[in-house]
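Here are some notes to read alongside the structure, with the pockets, the cores and a few individual residues in mind. Please keep the 3D view open as you go.

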Amino acid sequence: PVFALMEVAQYETIDLGPLLSQCENRCIPAPADDAALHETELAIRKAILTQGWFMARVEGTANLAEAVEGAYSAASSFHQLSEVDKELCHHSTSSFKHGGYFRRGEEPSYEPAATPSHVEDFCVSYHLALSDRTSTQQMWPRKPRGFKSQIETFLRSASPIVDALHLAFKRAFGLRDYQTHDTSSILRILRYPDSEFGNIAPHSDFEVFTILHQTTKGLQFEIDGKWLWAPVPSKDTFIVIPDDLLAFWTNGLVKPMRHQVVPCGAERYSLILFLAANNDEEAHPLPKYLETSSREPCRQFLDALQAAGTERLTQLIHLNTRVAQAEMNMQKSSDVR
């Protein structure tokens with residue numbers, strides 16, 4: 001296939017160990033005065049600005065590799081269920097629960113006239129799944145047995161890494177102390193079929209940054225006008241890409257990673273954490289970055305502001321606007337067919 005001839009994107013593998021410290025067998029963000037931490041933050045900044053993304057390795061952290069393996073096992077077991085069983089936890093079956101199953105054909109089209117995608121998804125609210133008090137608000141399947149516990153184990157293993165990366169991005173790029181306790185962050189557990197419809201159209205993500213893992217190739221990055229393969233990580237390694245809000249806050253210094261998924265000739269699974277700021281956090285360029293660019297907001301932010309039809313753009317408004325645009329594209333494509 002032509003795709004097999006494409007290059008693999010160059011990347012830096014960054015050990016996140018210095019961002020974390022051990023406390024009662026649980027990883028927590030390291031203290032800010034740690035010299036190794038600053039070197040890691042500088043490495044993250046350099047990788048984002050020169051290559052556009054990086055691979056993050058975390059060794060020996062709360063059985064992370066086992067948690068990733070368990071999450072994939074749960075995903076495979078769920079997606080092998082009958083359509084009848086999966087429909088029992090379809091996202092539309094409850095008006096007060098979050099997440100749930102999204103069937104083939106429900107993936108929005110991130111570009112007009114894009115080829116429809118048959119990806120299947122089980123969506124989990126990041127914060128609800130980690131909260132004992134509110135976990136009943138998350139939609140969970142009755143089968144397979146152990147699905148909920150395996151996904152929660154994965155999220156508990158990943159959450160210290162998420163917290164540490166939020167802090168690292170704040171310090172590496174001099175961002176304000178944006179909050180992350182009331183966000184629309186989600187985990188998507190995706191299954192791509194072995195067919196021409198195992199795809200997702202080109203787009204950038206809508207949050208602050210994204211952490212993802214894949215079982216086989218299929219993900220591609222657009223770098224310098226070329227589509228390049230993203231590598232397949234080991235079980236203790238993740239792909240980290242910057243999203244729209246990092247680009248907005250830095251007024252275009254950071255470029256959100258534009259990416260797509262193409263059919264790869266095999267069934268493919270992916271675990272994706274979309275990490276957002278609080279819903280009411282402003283998405284406007286920070287004054288320090290406006291001062292270095294003639295005080296003019298970058299074109300991408302202005303386009304997002306215009307699309308939202310508002311004078312104040314927040315994380316939630318931007319996310320909802322982008323999702324609504326994608327759903328409209330999907331509807332138009334359906335009407336044409």
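The points below go through this predicted model, from its open spaces to its interior and then to single residues.

1. **The largest pocket.** A good place to start is the largest pocket, which holds about 1,100 Å³ of space. Its lining is made up of 48 residues, and those nearest the centre are Cys-123, Ile-186, Arg-188, Leu-319 and Val-323. By class, this lining has 20 nonpolar, 17 polar and 11 charged residues.

2. **Who builds that lining.** Several elements each supply at least two residues to the lining of the largest pocket, including strand E6 (120-125), helix H4 (126-130), strand E7 (186-192) and strand E14 (268-275). Which element gives the most? That is H9, with 5 residues; this helix covers residues 315-336.

3. **The second largest pocket.** Here the volume is about 530 Å³. Of the 26 residues that line this pocket, Ser-204, Asp-244, Gln-300, Arg-322 and Gln-325 lie nearest its centre. The classes come to 12 nonpolar, 8 polar and 6 charged. At least two lining residues come from each of E8, helix H6 (244-249), helix H8 (299-308) and H9. H9 again deserves a look, as it gives the most to this lining, with 6 residues.

4. **The main nonpolar core.** As background, nonpolar side chains in soluble globular proteins tend to be buried together. In this model the largest nonpolar core has 68 residues, and the members that touch the most others are Ile-44, Phe-54, Ile-151, Phe-154, Leu-165 and Leu-273. Helix H5 (residues 147-172) gives the most to this core, with 12 residues. Another core, of 25 residues, lies apart from it, and among its members are Trp-53, Met-55, Tyr-192 and Leu-228.

5. **Ile-151 up close.** If you want one residue from which to explore the main core, try Ile-151, one of the members that touch the most others. What does Ile-151 contact beyond its neighbours within four places in sequence? The partners are Ala-71, Ala-74, Val-124, Trp-140, Leu-187 and Ile-189.

6. **Helix H2.** Two of those partners, Ala-71 and Ala-74, are among the buried residues of H2. The buried set of this helix also includes Leu-64, Val-68, Tyr-72, Phe-78 and His-79. The length of H2 can be checked too: at 1.5 Å a residue, its 16 residues (64-79) should span 22 Å, and the end C-alpha atoms are 23 Å apart, so the two values agree.

7. **Closed spaces.** The structure holds 4 cavities of 30 Å³ or more. The largest cavity has about 50 Å³ of space. Its lining includes Glu-107, Ser-109, Tyr-110, Thr-115, Asn-199 and Ile-200, and divides into 6 nonpolar, 4 polar and 1 charged residues.

8. **Ser-109, from the cavity lining.** Ser-109 sits in the loop between strand E5 (100-102) and E6. Is Ser-109 buried or exposed? Its relative accessible area is 6%, under the 20% cut-off, so Ser-109 counts as buried. Setting aside neighbours within four places in sequence, Ser-109 is in contact with Ala-114, Ala-326, Asn-329 and Met-330.

9. **Gly-198, another buried loop residue.** The loop between E7 and E8 holds Gly-198, which is buried at 3% relative accessibility. Not counting residues up to four places away in sequence, Gly-198 touches Tyr-192, Pro-193, Val-261, Val-262 and Pro-263. The C-alpha atoms of Gly-198 and Glu-267 are separated by 8.2 Å, although these residues are 69 apart along the chain.

10. **Backbone details to check.** The peptide bond from Lys-143 to Pro-144 is cis, with omega near 0°; Pro-144 is in the loop between H4 and H5. Asp-224 is not a glycine, yet its phi is positive, near 55°. Asp-224 belongs to the loop between strand E10 (219-223) and strand E11 (226-229), and at 79% relative accessible area it is exposed. Asn-251 also has a positive phi, near 55°, and lies in the loop between H6 and E13. Unlike the exposed Asp-224, Asn-251 is buried, with a relative accessible area of 9%.

Note on methods
Residues are numbered from 1 along each chain as its sequence is written. This is a predicted model: local features need pLDDT of at least 70, side-chain atom pairs count only at pLDDT 80 or more; totals for chains, interfaces and linings use all residues. Side-chain values use heavy atoms; hydrogens and water are left out. Helices (H or I, at least four residues) and strands (E, at least two) are DSSP runs, numbered from the N terminus. The expected span of a helix is 1.5 Å times one less than its number of residues. Buried means under 20% relative accessible area, exposed over 50%, partly exposed in between (1.4 Å probe, protein chains only). On a 1 Å grid over the protein atoms alone, a cavity is a set of points where a 1.4 Å probe fits but cannot get out, and a pocket is an open set with protein on both sides within 12 Å along at least five of seven lines; lining residues have an atom within 4 Å of a point. Grid points are joined across faces, edges and corners, and a volume is the space filled by probe spheres set on the points. Ala, Val, Leu, Ile, Met, Phe, Trp, Tyr, Cys and Pro count as nonpolar, Asp, Glu, Lys and Arg as charged, and the others, Gly among them, as polar. A nonpolar core is a set of buried Ala, Val, Leu, Ile, Met, Phe, Trp, Tyr and Cys residues joined through side-chain atoms within 4.5 Å. Contact means heavy atoms within 4.5 Å.
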